[in-house]
Amino acid sequence: MSTPNLNIRDLQVSIEDKQILKGVNLSVNGGEIHAIMGPNGTGKSTLASALMGHPKYEVTAGDVSINGEDLLEMEVDERARAGLFLAMQYPSEVSGVTNSDFLRSAINAKRGEGNEISLMKFIRQMDKQMNVLDMDESFATRYLNEGFSGGEKKRNEILQMMMLKPQFAILDEIDSGLDIDALKIVAAGVNEMRSPEMGVIIITHYQRLLNYIKPDFVHVFMQGRIVKSGGPELAERLEQEGYDWVKEELGIVDETVGHKV
Amino acid sequence: MSVWSREQITQLSLAQHEPKWALEKRLEAFDAIDSLPLPKLEKTNLDRWNFSSFQLQKANTTYQQIDQLPNEISRLLLDENSNVLIQKNDSVVYQTENTLEQGVIFTSLASAFQQHETLLKKYLYGQDVSHRVAAIHQAFVHGGAFIYVPRNVTLKLPLQTIFWLDGKEAAMFPHVLIVAEDNSKVEIVANFLSTSSEAAISNSVVQAYVGQGANVQVATVSQFPHSVVDVMERFATVGQDGNMEWIVADLSDGRIISKSTTHLKENGGHVDVKSVAFGAGEMRSNITAEVFHEGTHTTSDIQARSVMKDKATSILNSITKIEKGASKSDGQQTGKVLMLDPEARGDANPILLIDENDVTAGHAASVGRIDPLTLFYLMSRGISKNEASKLIIRGFLDTIISDIPSAALRASIHETIEGKFTS
């Protein structure tokens with residue numbers, strides 16, 4: 001199998017007629033970890049949601065391909081089955097649906113009818129991954145995200161990623177609200193998945209997470225697009241000096257998209 | 001009710017060899033039919049509902065063994081060791097005779113009139129006949145079951161009754177009477193269904209007396225087709241520290257009046273009402289749970305969920321009344337309606353009536369559609385829109401269905417809902 005590739009070209013996205021993304025270009029290959037950093041309100045999370053097909057966001061221009069196929073033509077579930085995964089910042093709580101029933105449905109949706117995972121194998125895999133993430137076994141039978149703390153929800157998102165083994169994972173502020181121990185655990189989960197078979201986009205405000213997941217590329221996001229790209233050293237400089245020098249260098253006064261969410 | 005005469009009512013009573021007082025109760029109710037008003041239901045107009053045009057069909061058969069029963073009936077059976085009584089139209093067509101715990105009575109109402117008249121006289125027809133539909137029930141009572149559990153006796157297995165309507169314009173008026181003496185424990189499952197798509201009326205009553213410290217759980221599952229007007233009234237009277245649990249599954253496709261009324265008469269009584277409904281087609285339903293707190297330290301919890309698809313309508317009423325003097329009581333209620341299609345309708349009416357200061361109470365009600373963000377979340381894991389909707393709906397109802405102790409009953413309710421979802 002050839003290397004997975006996700007290619008975003010001039011992506012423009014609006015919400016309720018307000019343009020948020022103003023031409024995003026990014027190419028991610030299997031095995032690469034890209035960090036997208038930037039202050040609040042610059043459109044980072046919009047990029048994540050729009051790629052997954054969030055119903056509120058409208059793509060007004062641009063192309064996205066996943067392994068050569070047109071991602072934007074696909075329904076949300078087709079995007080997932082094509083290999084895209086989004087670890088959400090605010091995952092829904094779904095009453096009455098247990099975590100394990102949900103995950104098994106998701107795995108079987110990908111495997112297709114007649115090729116369902118056996119219950120025993122599923123339980124074994126789930127136990128193993130929950131162990132990596134230091135999750136109590138009761139999470140398997142609890143209702144999906146219902147009553148989970150912020151940190152538990154994040155771990156649960158990573159658990160889903162580990163179980164579904166996507167080709168591209170977008171982690172949308174997976175570090176927010178996590179203490180340092182939880183952060184290390186989540187990072188360990190991501191690192192365990194690291195392979196030429198998977199590309200990762202990490203969206204974050206802070207460099208902190210990148211101490212535990214080493215990125216190959218770092219991009220600075222402002223005004224709804226990538227304004228600067230570099231290697232891991234860029235993240236370190238942002239951590240030490242903040243974003244002001246980037247704004248100065250590029251002559252940006254207001255880095256936001258002028259729309260506080 | 002001009003097509004029916006006092007003479008016919010008398011014949012019904014004689015055919016069951018009922019005592020005179022029972023006949024008098026019937027005639028009293030029969031005479032009141034035309035003068036009594038229809039029940040007053042919130043936001044449901046009953047003017048065009050058929051309560052009185054029907055045929056009393058004969059069963060014309062009995063079954064010796066389970067495997068002779070049609071699949072629609074045998075699939076409902078909970079457990080091969082459970083005792084079950086099956087009534088088709090006017091009579092019992094199948095009854096198991098497994099050994100029951102000491103002193104327990106589980107029999108048809110008709111035979112109870114002969115063998116347990118004293119008990120029947122004490123408990124049967126305990127509630128007022130306040131509207132026309134209740135009067136029709138009492139005049140035409142046909143079959144039903146009598147369950148009696150003596151003091152300190154715990155039944156290990158649930159008792160099951162199946163009320164089965166068959167034939168054009170067929171009607172049935174079953175009455176289930178449950179008496180659980182002090183510190184006894186019993187679970188009862190009552191299924192109501194029709195094997196004919198032209199049946200007309202099921203007008204049933206379930207009446208439970210819960211003694212001091214007794215535990216009674218009654219699950220009623222109704223699955224009638226579009227043609228049927230399905231009326232079920234449930235009454236419970238709960239003694240000191242007694243515990244009543246109603247599980248109500250309204251899965252009929254026609255017109256439904258489903259009402260549970262519980263009186264917590266003595267101190268420390270508790271009731272749970274867990275109600276689910278799934279409506280498709282042009283189903284119209286009015287589902288009410290009503291609790292009266294009369295003793296101190298009484299507690300109640302009403303949990304009602306209803307899913308409406310196509311053009312179905314559901315009105316959910318939850319009424320908690322805490323009487324003066326019922327101090328330290330707690331009444332909670334939640335009513336939620338989920339509408340799947342643009343023409344589906346629903347309403348949740350939470351009502352708390354509190355005449356005592358020293359109590360706690362709470363309610364939550366919601367009427368809505370599937371949250372598009374929840375759908376997005378599930379679909380983002382590769383689950384199709386259809387499957388994701390099913391998971392959400394199943395989950396919405398499962399917060400209640402998962403409390404049903406019998407796995408067989410849970411499975412049968414799931415299967416019915418699944419069938420409606422895909423129809």
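Okay, Asn67(A): it's in the loop between β4 (57-66) and β5 (69-70) of chain A. Strands here are DSSP E runs of at least two residues, helices are H or I runs of at least four, and both are numbered from the N terminus. Asn67(A) isn't a glycine, yet it has a positive phi of about 50 degrees. Most residues other than glycine have a negative phi. Is Asn67(A) buried or exposed? Partly exposed, because it has 17 C-beta neighbours inside 10 Å. The cut-offs: 20 or more other C-beta atoms within 10 Å is buried, 12 or fewer is exposed, in between is partly exposed, with C-beta atoms placed from the backbone.

Before I go on, this is a predicted model, so local features need pLDDT of at least 70 and side-chain atom pairs count only at pLDDT 80 or more, while totals for chains, interfaces and linings use all residues. Residues are numbered from 1 along each chain as its sequence is written, and chains are lettered from A and ligands numbered from 1 in the order in which they are written.

There's a related case in chain B. Asp241(B), also not a glycine, has a positive phi of about 55 degrees, and its place is the loop between β11 (229-238) and β12 (243-250) of chain B. Asp241(B) is buried, though, because it has 20 other C-beta atoms within 10 Å.

One more from the turns: β9(A) and β10(A) make a hairpin with two residues between them, and Gln223(A) in that turn has a positive phi of about 50 degrees. The two strands, residues 217-222 and 225-230, run antiparallel and are joined by five bridges; pairing needs at least two DSSP bridges. Val218(A), for instance, has Gly230(A) as its bridge partner.

Stepping back to chain A as a whole. It has eight helices and 10 strands, and 46% of its 261 residues count as buried. The radius of gyration, over C-alpha atoms, is 18 Å, which agrees with the value near 18 Å for a compact globule of 261 residues; that rule is 2.2 Å times the number of residues to the power 0.38. The C-alpha trace spans about 60 × 40 × 35 Å along its principal axes.

Now, helix α5(A), residues 150-164. Its end C-alpha atoms are 21 Å apart, which agrees with the 21 Å expected for 15 residues at 1.5 Å a residue, where the rule is 1.5 Å times one less than the number of residues. How many of its 15 residues are buried? 11, so to speak of it as mostly covered is fair. Among them are Lys153(A), Arg155(A) and Glu157(A), alongside Ile158(A) and Met161(A). The cover includes β6 (84-87), α3 (99-111), α4 (119-132), β7 (168-172) and α6 (180-193) of chain A. Just after the helix, Lys165(A) takes a positive phi of about 45 degrees.

Ala87(A) ties in here: leaving aside neighbours within four places in sequence, its contacts (C-beta atoms, placed from the backbone, within 7 Å) include Glu157(A), Ile158(A), Met161(A) and Ile170(A).

Last, the interface. 22 residues of chain A are in contact with 21 of chain B. On the chain A side, α2 (76-81), α3 and α5 each give two or more residues, and α3(A) gives the largest share, five.

Note on methods. Contact = placed C-beta atoms within 7 Å.
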